[in-house]
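Work through the exercises below with the sequence and the coordinates side by side, and try each task before reading its solution.

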Amino acid sequence: MGYEIALKKAWEDLACQKAPKNLTVKFLADEYSIDTQTQKVLSLSCNVPAKDFLAILILHYLEKKLKGLPIPLGEWLTFRALSQVEGYYDAYQKRCIEPIIRKYGKNPDAIKGILGRLPAKLSEGGDLSFVIEAFENIPVLIKLWKADAEFAADANMYFDASIKDIFCTEDIVVLAGFIAASL
């Protein structure tokens, strides 16, 4: 089965917002074209349809954007601090945090080389921290700590508290996983 039901509902929800025929949205380092009549989400950088899970995330974002996105609150929450996440925590850890630790745990500074291609800026905290603007008004803070004699390498993602009014928990996991894979 897959994503058919969720994708159909996302298109229906967007249609309820009386979305224009053609929309574009920036997500990380790419821009996507959304055609509401043909119900297609297309990556403009490589001219291919977005995978269903990404199309759903983009459509959910657009629906909220058309309603009016909340302003970022500047209050950073860990995934665990978000409500109703226990059932997703292990998947989140495996898909989102562990890949970052494996890739950058021994040398967090190595991530600086890729930050120029993402909408990201260095921040404070950890051995290296940066904020990625995943979508407009959806910042994600990532902190990395390198291994030392006492502690293993670690990483964490922090979400602005406003994300609870934009995405459901499953969407946050998809968003975080996509960010981790982009690093």
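The exercises that follow treat the sheets, the helices on them, the helix pairs and one salt bridge.

The model is predicted, so local features need pLDDT of at least 70 and side-chain atom pairs count only at pLDDT 80 or more, while totals for chains, interfaces and linings use all residues. Residues are numbered from 1 along each chain as its sequence is written, and side-chain values use heavy atoms, with hydrogens and water left out.

**Exercise 1. Determine the strand order of the sheet of four strands and describe its hairpins.**

Solution. Begin with the conventions: helices (H or I, at least four residues) and strands (E, at least two) are DSSP runs numbered from the N terminus, and two strands pair if DSSP finds at least two bridges between them. With these, the four strands form an open sheet in the order 1-2-3-4, and the pairing is antiparallel. The edges are then strand 1 (22-27) and strand 4 (48-49), each of which pairs on one side only.

Next, take the pairs in turn. Strand 1 and strand 2 run antiparallel and are joined by six bridges, and lysine 26 has glutamate 31 in strand 2 as its bridge partner. Two residues lie between the strands of this hairpin, in which leucine 28 takes a positive phi near 50 degrees. Strand 2 (residues 30-35) and strand 3 (residues 40-43) pair in the antiparallel sense over four bridges, and isoleucine 34 has valine 41 in strand 3 as its bridge partner. Between strand 2 and strand 3 the hairpin has four residues, and glutamine 39 in the turn has a positive phi of about 55 degrees.

**Exercise 2. Find the order and the edge strands of the sheet of five strands, and name helices that pack on this sheet.**

Solution. The bridge pattern gives an open sheet with the order 5-9-8-7-6 and antiparallel pairing. Strand 5 (76-78) and strand 6 (120-123) stand at the edges with a single partner strand each, so one side of each is left without a neighbour in the sheet. Neighbouring strands of this sheet are turned by 30 degrees against each other on average, direction ignored; for angles in general, axes are lines fitted to C-alpha atoms, for helices over the stretch in contact, and values run from 0 to 180 degrees between N-to-C directions.

At one edge, strand 6 pairs with strand 7 (residues 128-135) in the antiparallel sense over four bridges, with serine 129 in strand 7 as the bridge partner of serine 123. Now add the helices, where contact means heavy atoms within 4.5 Å. Helix 3 (residues 89-104) packs on the sheet and touches strand 8 (138-145) and strand 9 (154-160), its direction making about 130 degrees with that of strand 9. Helix 5 (residues 169-182) lies across strand 7, strand 8 and strand 9, and runs at about 130 degrees to strand 9.

**Exercise 3. Characterise the packing of helix 1 with helix 2, and locate a salt bridge formed by aspartate 13.**

Solution. First place helix 2 (residues 52-67), which lies across strand 1, strand 2 and strand 3 and runs at about 105 degrees to strand 1. Helix 1 (residues 4-16) packs with helix 2 at an angle of about 20 degrees, their axes being 9 Å apart. Helix 1 and helix 2 are therefore roughly parallel to each other (angles under 35 degrees count as roughly parallel, over 145 as roughly antiparallel, 65 to 115 as roughly perpendicular and the rest as oblique).

Residues of helix 1 in the contact include Trp11 and Asp13, and those of helix 2 include His60 and Glu63. Finally, aspartate 13 forms a salt bridge (a side-chain nitrogen of Lys or Arg within 4 Å of a carboxyl oxygen of Asp or Glu) with lysine 9, the closest N and O atoms being 2.9 Å apart. Both residues, aspartate 13 and lysine 9, lie in helix 1, four residues apart, about one turn of the helix. The structure holds six salt bridges.

**Exercise 4. At what angles does helix 5 cross helix 2 and helix 3?**

Solution. For helix 2 and helix 5, the axes come within 10 Å and cross at roughly 115 degrees. Phe53, Leu54, Leu57 and His60 in helix 2 meet Asp171, Val174, Leu175 and Phe178 in helix 5. For helix 3 and helix 5, the axes come within 9 Å and cross at roughly 25 degrees, which makes helix 3 roughly parallel to helix 5. Here Tyr92, Arg95, Cys96 and Ile100 of helix 3 make the contact with Val173, Ala176, Gly177 and Ala180 of helix 5.
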